[in-house]
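Reader: I should like a close look at a single part of this chain, set in the context of what surrounds it. Please state the cut-offs behind each term as it arises.

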Amino acid sequence: VNSVQEILLENFPKLEPGGIIADTSLRSYRSDCQIGMFKLGASTMKGQKLDMELIAAQLNIGEYFGYPPNMRWLAILFVDIEGVVSTVLFKTESLDNFLQLQIATRLKNESLIGKTVRATMSKRSSRANGNSYFAVEFEILNANKKGKFFSAIQDFRQNYYHPGMIQLLESKTANNQPALENNK
């Protein structure tokens, strides 16, 4: 059984119309922690860093991409540096690293929404088998500044966003229906 829980990034103030986001179709990024690179789609390499202006985040539990059932996934909806609404998934240590950033930000009574968050691949070594892998670490860039698309993100959240918007590829329930269908 798959479940979805939205992560609240802030208690939202009154929203004002903002700028324009270049494209409202969702662009799909992937974090390939075997090779330490972010990809656009399945194969376009984008490098070891990904800058994101956050719109929303969700914890998802389920069987995705052939990983074990009941694995936790973090789905982030964001605006990329080109102004396109995008998604990316993280799991395990990378998911935990994001949640630590989110907690630290909330303890300061601040929000991650509309701030530029940089995701960076960081090399690790497995204690169990000695193999190398990468985990994603997160930091806020220009913590005291709003991101380039801040106003557009507020407008997008007010007029278009809904939790079912973050769709996981290959995500199916036992009935072979999209896992997020009931959240639209």
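Author: Two strands are said to pair if DSSP finds at least two bridges between them. Helices (H or I, at least four residues) and strands (E, at least two) are DSSP runs, numbered from the N terminus. The model is predicted, so local features need pLDDT of at least 70 and side-chain atom pairs count only at pLDDT 80 or more, while totals for chains, interfaces and linings use all residues. Residues are numbered from 1 along each chain as its sequence is written, and side-chain values use heavy atoms, with hydrogens and water left out.

The part chosen is strand 5, which spans residues 49-62. Strand 5 is joined to strand 6 (residues 71-79) by nine bridges, and the two run antiparallel. Within this pairing, Ala57 has Ile76 of strand 6 as its bridge partner. Strand 5 also pairs with strand 8 (residues 116-125), again antiparallel, through five bridges. There, Thr116 of strand 8 stands opposite Glu53.

Strand 5 is also mostly covered, since eleven of its 14 residues are buried, that is, under 20% relative accessible area (exposed is over 50%, partly exposed in between; 1.4 Å probe, protein chains only). In a regular strand the side chains alternate between the two faces of the sheet.

As for the surroundings, the chain has two helices and nine strands, and its elements run β-β-β-β-β-β-β-α-β-β-α from the N terminus. Of the 184 residues in the chain, 45% are buried. Among contacts (heavy atoms within 4.5 Å) between residues at least 6 apart in sequence, 62% join residues at least 24 apart.

Helix 1 comprises residues 92-107. Its buried residues are Ser94, Leu95, Phe98, Leu99, Leu101, Gln102 and Thr105. Seen down the helix axis, these fall within an arc of 155° and so line one face of helix 1; the arc is that of the directions from the axis to the C-beta atoms. The face turned away from the buried side of helix 1 carries the exposed residues Gln100 and Leu107. Just after helix 1, Asn109 adopts a positive phi of about 60°.

Helix 2 (residues 150-159) is largely enclosed by the rest of the structure, because seven of its ten residues are buried. The buried residues of helix 2 are Phe150, Ala152, Ile153, Gln154, Asp155, Phe156 and Arg157.

Technical notes: The expected span of a helix is 1.5 Å times one less than its number of residues.
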